[in-house]
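Here is a quick walk through two helices and a pocket. Have a look at the model first, then read on.

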Amino acid sequence: MIVVTGATGHLGRLTVTALLDRGVPAGEIVAAVRDPAKAADLGVEVREADYGRPEKLVAAFAGADRVLLISSSEVGQRFAQHRNAVDAAKAAGVGFLAYTSVLRADVSTLGLAGEHKETEQYIAESGLPHTFLRNGWYLENYTEHLASALEHGTILGSARDGLISGAARADYAAAAAVVLTDDRHREEVYELAGDTAFTMATLAAEVSRQSGEEVVYHDLPEADYVAALAGTGMPRQYAELLADSDVGVSKGQLVSEDTALTDLIGRPTTSLADAVAVALKN
């Protein structure tokens, strides 16, 4: 049995779908979620699970051969929550744990990388057989916010001309499904990234080309970008994290020539052009 945590999130839902597409019977998949009512449409068994409630996690993992631990979205609390999940997996006798980390977590200078590095170390020391899925940036990080770009004719950031090897969430989900269903991928560290890197200026040009509206990329100092994000109502801590990640892009933190993602899924990763096209249709 395979348990997918965070299964009502974007990546979790796509991973459940990818497992079903690979022929895993619905009865062999468990969606572990905080709110079971939100998972009723997944078509698999649903169990309540909360990273902050260890007793719920042990019950959710009962009988599981394999668990996909999708990283928590609660920055600052991630490591403690992940530790609970790892301990629960060990207590439940789980045979294999895959964890969604971040690109080059062991050496990354991104502010968000610290908790991923701590989690990887804890998993490695736990004795659980494991694999780290070090996901690069999601194309949706950019394409889900095109309405604002089109309204103002501007995409803001602090990435300068840094390259981003982004891929779609569905690509990362497909890779996770492969790792969860093929024992050849155990005890591996996969640096997962898109096939073709792009800059923020390239993104703006692609949005302009497909929409017929002029959109330009405007680069800001980090502090100004934080202020702009916070000015939209975004919590300042999150705004600072996003701006820090953009600065990381300018330093090459989110570009990679590793082909592991394409190798795992057996096809090219989703292109920027295709991701923009999908976003503009929705």
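In helix H8, the buried residues (under 20% relative accessible area with a 1.4 Å probe, protein chains only; exposed is over 50%, partly exposed in between) are Met 200, Leu 203, Ala 204, Glu 206, Val 207 and Ser 208. Helices here are DSSP runs of H or I with at least four residues, strands are E runs of at least two, and both are numbered from the N terminus. This is a predicted model, where local features need pLDDT of at least 70 and side-chain atom pairs count only at pLDDT 80 or more, while totals for chains, interfaces and linings use all residues. Residues are numbered from 1 along each chain as its sequence is written, and side-chain values use heavy atoms, with hydrogens and water left out.

What do the buried residues of H8 pack against? They meet H5, helix H6 (146–152), strand E7 (154–157), strand E9 (216–219) and H12, where contact means heavy atoms within 4.5 Å. One of the residues in H6 is His 152, which is exposed at 54% relative accessible area. His 152 sits 9.6 Å from Val 216, C-alpha to C-alpha, although 64 residues separate the two in sequence.

Now for H1. Its buried residues are Leu 11, Gly 12, Thr 15, Val 16, Ala 18 and Leu 19. Looking down the H1 axis, these fall within an arc of 165° (taken from the directions from the helix axis to the C-beta atoms), so they line one face of the helix. The exposed residues His 10 and Asp 21 are on the face turned away from that buried side. Partners of the buried residues include strand E1 (2–5), strand E5 (96–102) and helix H7 (169–181).

The table sets out both helices, with the expected span being 1.5 Å times one less than the number of residues.

| Helix | Residues | End-to-end C-alpha distance | Expected span | Glycine that follows, phi |
|---|---|---|---|---|
| H1 | 10–21 | 17 Å | 16 Å | Gly 23, near 90° |
| H8 | 200–211 | 16 Å | 16 Å | Gly 212, about 80° |

Finally, the second largest pocket holds about 280 Å³ of space. A pocket is an open set of points on a 1 Å grid over the protein atoms alone, where a 1.4 Å probe fits, with protein on both sides within 12 Å along at least five of seven lines; lining residues have an atom within 4 Å of a point. Its volume is the space filled by probe spheres set on the points, which are joined across faces, edges and corners. Of its 14 lining residues, Glu 140, Thr 143, Glu 144, Arg 169 and Val 278 lie nearest the centre. H12 gives the most to this lining, with four residues.
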